[in-house]
Amino acid sequence: MRAVWVTNDLPPRTGGIQQFVGNLLDRVHPTSTVVVGPAGEDAAEVAAHDARQPYRTVRAPGAVLPTPAVRRLVTEIAREHRPDVLVLGASWPLGELAPRLGRELHVPVVALSHGLEAGLATIRLGRLVRRATRGLAALTTISDWCEERLAPHVRADRIVRVPPGVDVDRFHPGVDGRALRRSWGVPDDATLVGCVSRLVPRKGQDVLLEVWPEVRRRHPDAYLALVGEGPIGDDLARGAAALGPDTGVVLPGRVAWDDLPAAHAAADVFAMPCRTRLLGTDVEGLGIVYLEAQAVGRPAVAGRSGGAPEAVRDEVTGSVVDGRDRGAVVGALDRWLTDPAGRRAAGAAGRSWVEQAWTWEVIADRFAGLLDEVVTDARRSGAGS
Ligand code: GDP
């Protein structure tokens, strides 16, 4: 199977979609795939990353959006590589390219969808989804929540569930996070609540900070680490400083990709009480970080936004709360901080659930199967016409 991928979301840039795309690329026909990706911020980092991959990456001069220049670049690459299938890293807005590319190159086009497309459908922008999916042989969806919202608008020939997964060999309960947490200034005997995520309003780091004095009152030895970087980083740093000295809040910034499993293992409880914002457009499609935290055996506190509740089994592998309800967030943190045996049991349950349902192997197999079906169908209908 020969494939050309077209994506604006690609490692080494951080983010859920970037990881999703990178993990599928690693496992689904990597040596016979060419990727058209975005320029990226740091040219040296990008070049070093691309050189390590089994697939060839062609970087566009800027972003990969549905422009005539990107369409020409993809056509050029495809004429040279002769793919059996074209894969779009995100159906919106890249799906706009699908009808013309499919026609010109005579290949089926498959697109991944994430949280945003379902958000568009939620705010009556379903017509954008209809436009972006009309040239697709298949569209993938990441959660029940997303699929329910998308299904009425999708014009693709089929919809298939392909959620993001987690690398259970990198993220496992044996990962040692102690050195990292020491480097953050967290004492060995403290109980640490960790959040690993981009620092953006939807993720709820602001709420963690707001409720922290109450959590600290109940658990004077508890620490809170808000790991990551992003637009609200400065606000959070100011908020943490305003709580006063010795409140146990640390903001270590972004961790290196290699330290990501240790960043999860450093904490005793993972918490990201996300919330839906901006009339439903800013929504958590699923939340890979919950899967990562459970894979290292930590209970995960999730917010009720989009598909996030599907990534945690409430009261079994963690808690699902309304991310705007301060009392509920305090309650969930209190519950796990109070109960070390409960944390261990939830961690073990989370690990085994992730192993069964959320490994990249399981998910990549499903995606490879979809590509096979789509290509077989296209050959059949091509032969019949
Ligand atoms: P999204 O960013 O909204 O798509 O959120 P997700 O939870 O779906 O995915 C975010 C991904 O970025 C997860 O794999 C996180 O572990 C990762 N991530 C978040 N913060 C950092 C960081 O500081 N460093 C690194 N290397 N990865 C991070």
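How far from Asp9 is the nearest side chain of opposite charge, and is Asp9 buried or exposed? In this predicted model, Asp9 is buried and yet has no salt bridge; the nearest side chain of opposite charge belongs to Arg13, 5.5 Å away. A salt bridge needs a nitrogen-to-oxygen distance within 4 Å, so that pair does not qualify. The loop that holds Asp9 runs between strand S1 (3–6) and helix H1 (16–27). Setting aside neighbours within four places in sequence, the residues in contact with Asp9 are Ile17, Gln18, Val21 and Ala90.

## Around the ligand

Let us move to the ligand. A shell of 19 residues surrounds the ligand, and the closest are Gln19, Arg198, Lys203, Val255 and Glu292. Helices H1 and H12 each supply at least two residues of this shell. The largest share, three residues, comes from H12.

Some individual distances may be handy if you are setting up a pose check. Lys203 places a polar side-chain atom 2.7 Å from an oxygen atom of the ligand. With Val255, it is a polar backbone atom that lies 2.8 Å from a nitrogen atom of the ligand. Ile288 also takes part through its backbone, with an N or O atom 3.2 Å from a ligand oxygen. Taken alone, the ligand exposes 580 Å², and the protein buries 94% of that.

## Two covered helices

Where does H12 sit relative to the rest of the structure? Eight of the eight residues of this helix (residues 288–295) are buried, so H12 is largely enclosed by the rest of the structure. The buried residues are Ile288, Val289, Tyr290, Leu291, Glu292, Ala293, Gln294 and Ala295. Two of these names have already come up: Glu292 is among the residues closest to the ligand, and Ile288 has the backbone atom 3.2 Å from a ligand oxygen.

The cover over H12 includes H1, strand S8 (191–196), helix H11 (260–266), strand S11 (269–272), strand S12 (300–303) and helix H14 (340–357). H1 thus appears in the cover of H12 and in the shell around the ligand. Just after H12, Gly297 takes a positive phi of about 85°.

Helix H5 (residues 115–122) is mostly covered, with six of its eight residues buried. Those six are Gly115, Glu117, Ala118, Gly119, Leu120 and Ala121. Strand S5 (109–112), helix H6 (126–133) and helix H7 (144–150) are among the elements that cover them. A positive phi follows this helix too: Arg124, just after H5, has a value of about 65°.

## Salt bridges

The structure holds 30 salt bridges. Three of them are set out here.

| Pair | Closest N to O distance |
|---|---|
| Arg59 and Asp50 | 2.8 Å |
| Arg379 and Asp84 | 3.1 Å |
| Asp268 and Arg181 | 3.3 Å |

In the bridge between Arg59 and Asp50, Arg59 counts as partly exposed at 21% relative accessibility, while Asp50 counts as buried at 14%.

Arg379 and Asp84 form a salt bridge with their closest N and O atoms 3.1 Å apart. This pair links distant parts of the chain, 295 residues apart: Arg379 is in helix H15 (residues 360–384), and Asp84 is in the loop between helix H3 (68–81) and strand S4 (85–88). Arg379 counts as exposed, with 53% relative accessibility.

The side chains of Asp268 and Arg181 also meet in a salt bridge. Asp268 lies in the loop between H11 and S11 and Arg181 in helix H8 (residues 178–183), so the pair ties together parts that are 87 residues apart in sequence. Asp268 counts as partly exposed at 21% relative accessibility, whereas Arg181 is buried, with a relative accessible area of 6%. Elsewhere, salt bridges that share partners join Arg202, Lys203, Arg277, Asp282 and Glu284 into one network. Lys203 is also one of the residues closest to the ligand.

## A surface position

Is Ala51, in helix H2 (residues 43–52), buried or exposed? Ala51 has a relative accessible area of 65% and is exposed, because exposed means over 50%. Ala51 and Asp169 are 118 residues apart in sequence, and their C-alpha atoms are 23 Å apart in space.

Notes. Residues numbered from 1 in each chain as written. Predicted model: local features only at pLDDT ≥ 70, side-chain atom pairs only at ≥ 80, totals over all residues. Heavy atoms only, no water. Helix = DSSP H or I, 4+ residues; strand = E, 2+ residues; numbered from the N terminus. Buried < 20%, exposed > 50% of the residue type's maximum accessible area, 1.4 Å probe, protein only. Lys, Arg positive; Asp, Glu negative; His and termini not counted. Contact = heavy atoms within 4.5 Å. Near = heavy atom within 4 Å. Polar contact = N/O pair within 3.5 Å; in protein donor to acceptor, adjacent residues only side chain to side chain. Areas by Shrake-Rupley, 256 points an atom, 1.4 Å probe, with all protein chains shown as cover.
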